[in-house]
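Please look over the sequence and the model below before reading on. The notes that follow are grouped by topic and are meant for a reader who is new to this structure.

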Amino acid sequence: MHKTIAIEQVTLGMYVVGLDRSWFQTPFLKHQWLLNREEDLARLKAYGISRVTIDPSRGLDVEPAAATPDAPAAQPAAAPEPPSPPAAAPPRNDEAFQARFEEEVELARTVRSNARSAVERIFSGIKTGAPLDSPAIRTVVITILDRLTNNPAAMLTLTQLEQMMRLDTDLLAHAVDVCIVSLIVGRAQGLDDDALEQLGMGALLHDIGETRLPQNLLHKPGRLREQDLALLRLHPRIGLAILSSAGPLPSIARAVIAEHHERLDGSGYPDGLKGSRIALPSQIVGLVDNYDAMASNRGGRPPLSPDQSVRQLFQLGLKHQYDRTLVELLIQCLGVYPFGSLVELSTGERAVVYAVNPSERLRPCVKLIADSHGHPYPEPRLVDLAEARTGEPARTILRVLDASVEHVDVLRYCKASTTLSLTAATWN
């Protein structure tokens, strides 16, 4: 039976299943996890959480008298005075919260920019024969992990925006974005800190072999000839050869570089590995690499819409190219309605998905952009669909719309959703 307790009664070892704040007002990727880090307990208090719901069957319990069960137990004849009801949640200030979230996105932007610059230096060094700077790669991964710990929603929002805007010539940005999303999935999968660091290192370096291929091969529009495909499929082996001569690399990272194009059904390359012969971290990076290719401009084709990417990933899981559980985990992290999806609400309003809700995938945070008659609002307004709002209708998503058919420039609203300054200089 779940129990709701005051924040002062929360201790390490408890299994958290709910907070008294919307997920969007906290720095946690999920609102269900084993509380085993002092910094997470400190963040609960720092973000103004006053009541926490725990599951004693999955973690530590509290003394019965100290908890308030979700369903009140029968009282004895001489019952003591009933406990005071939980304090009401503070009034929402959407504008203030949106500004705070966008500040978090700007912090994420700095981390991503610094990571890209570091990867550029590492790649350049390897191309000129310099030793592999493993400490620098590890530092990049740890910095990204730290930002994901502080505000994963902001980091994922920025990454998805950058994927939509990225040109396929940017191998460095591709490496960083695959690393970020792979770490999000790896954390959700429950990998420990050491495995996460190695996963991140492998993700950053997974396409290092492409730096030795003819650049015109990588950017040819349309379908490649068989001889071109055969050469391209050598890049995992080329990458391993480059790094073997550049210096030592952890085993998980090496496996990721070698196996990220292998598929469970044996249809991948370079070795046609099947099933469990492909390491889990390699499967994660391979899946995220494919998602990144769908979500960005690759091979001269425009990116797929967010909902199209999710549907294609699901189909690949059904075909057993990827583990279905892993596909579902990635979709859970991205959201059934990923960032940038154009949706119609039960009120008839149009909205663009602003950030996903990992604990309630059907109720993301959206920007309202038009009323039920299709008239644009003067200013898009932030609404968390998981949060009940006094005096307003309950809103749910009815369907995903095709932005091209609706003539809606989704990217415009995505940009406006993730920056404090909408000046042209911000987006040049």
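**Briefing on the predicted model**

In this predicted model, D55 sits in the loop between β4 (51–54) and β5 (68–69). The chain as a whole has 428 residues, of which 50% count as buried, and its secondary structure comes to 15 helices and 10 strands.

**The surroundings of D55**

- With a relative accessible area of 8%, D55 falls under the 20% limit and is therefore buried.
- Leaving aside residues up to four places away in sequence, D55 touches H2, Y15 and V17, while its side chain is joined to the side chain of S57 by a polar contact of 2.6 Å.
- W33 is 22 residues from D55 in sequence, and the C-alpha atoms of D55 and W33 are 9.9 Å apart in space.

**The chain as a whole**

- Among the contacts in the chain with a separation of 6 or more, 66% are between residues that are 24 or more positions apart.
- About 20100 Å² of the chain is exposed, and carbon and sulfur atoms supply 53% of that area.

**Helix α3**

- Helix α3 covers residues 134–150, and because its 17 residues should span 24 Å at 1.5 Å a residue, the 25 Å between its end C-alpha atoms agrees with the expected value.
- The buried residues of α3 are S134, I137, V140, V141, I144, L145, R147, L148 and T149.
- As background to such a list, an α-helix has 3.6 residues a turn, so residues three or four places apart point the same way.

**Strands β6, β7 and β8**

- Strand β7 (residues 350–355) is mostly covered, with 5 of its 6 residues buried.
- On one side of the pairing pattern, strand β6 (residues 342–345) and β7 are antiparallel and share 3 bridges, and V343 has A351 in β7 as its bridge partner.
- β6 and β7 form a hairpin with 4 residues between them, and in the turn G348 has a positive phi of about 90°.
- β7 is also joined to strand β8 (residues 365–370) by 5 bridges, and these two strands run antiparallel, with A355 standing opposite C365 in β8.
- In a regular strand the side chains alternate between the two faces of the sheet.

**L362, between β7 and β8**

- L362 lies in the loop between β7 and β8, and because its relative accessibility of 55% is over the 50% limit, L362 counts as exposed.
- Not counting residues up to four places away in sequence, L362 nevertheless touches V336, Y337 and I397.
- The last of these partners, I397, is 35 residues from L362 along the chain, and the C-alpha atoms of L362 and I397 are separated by 7.5 Å.

**S309 in helix α12**

- S309 belongs to helix α12 (residues 306–318), and its relative accessible area of 2% means that S309 is buried.
- Beyond residues up to four places away in sequence, S309 touches Y291, M294, A295 and L304.

**Salt bridges**

- Side chains of opposite charge can pair when their charged atoms come close, and the structure holds 20 salt bridges.
- R37 takes part in a salt bridge with E39, where the closest N and O atoms are 3.2 Å apart, and R37 also forms a salt bridge with D40, where the closest N and O atoms are 3.6 Å apart.
- The three residues involved are not all covered to the degree that counts as buried: R37 is partly exposed at 28% relative accessibility, E39 is partly exposed at 38%, and D40 is buried at 8%.
- The side chains of R116 and D170 meet in a salt bridge with an N to O distance of 3.1 Å. R116 lies in helix α2 (residues 94–127) and D170 in the loop between α4 (152–165) and α5 (171–189), so this pair ties together parts that are 54 residues apart in sequence.
- R116 has a relative accessible area of 26% and is partly exposed.
- A network of salt bridges links E106, R109, R112, E162, R166, D177 and D292.

Methods
Residues numbered from 1 in each chain as written. Predicted model: local features only at pLDDT ≥ 70, side-chain atom pairs only at ≥ 80, totals over all residues. Heavy atoms only, no water. Expected span 1.5 Å × (residues − 1). Buried < 20%, exposed > 50% of the residue type's maximum accessible area, 1.4 Å probe, protein only. Pairing = 2+ DSSP bridges. Contact = heavy atoms within 4.5 Å. Areas by Shrake-Rupley, 256 points an atom, 1.4 Å probe, with all protein chains shown as cover. Salt bridge = Lys/Arg side-chain N within 4 Å of Asp/Glu carboxyl O. Polar contact = N/O pair within 3.5 Å; in protein donor to acceptor, adjacent residues only side chain to side chain.
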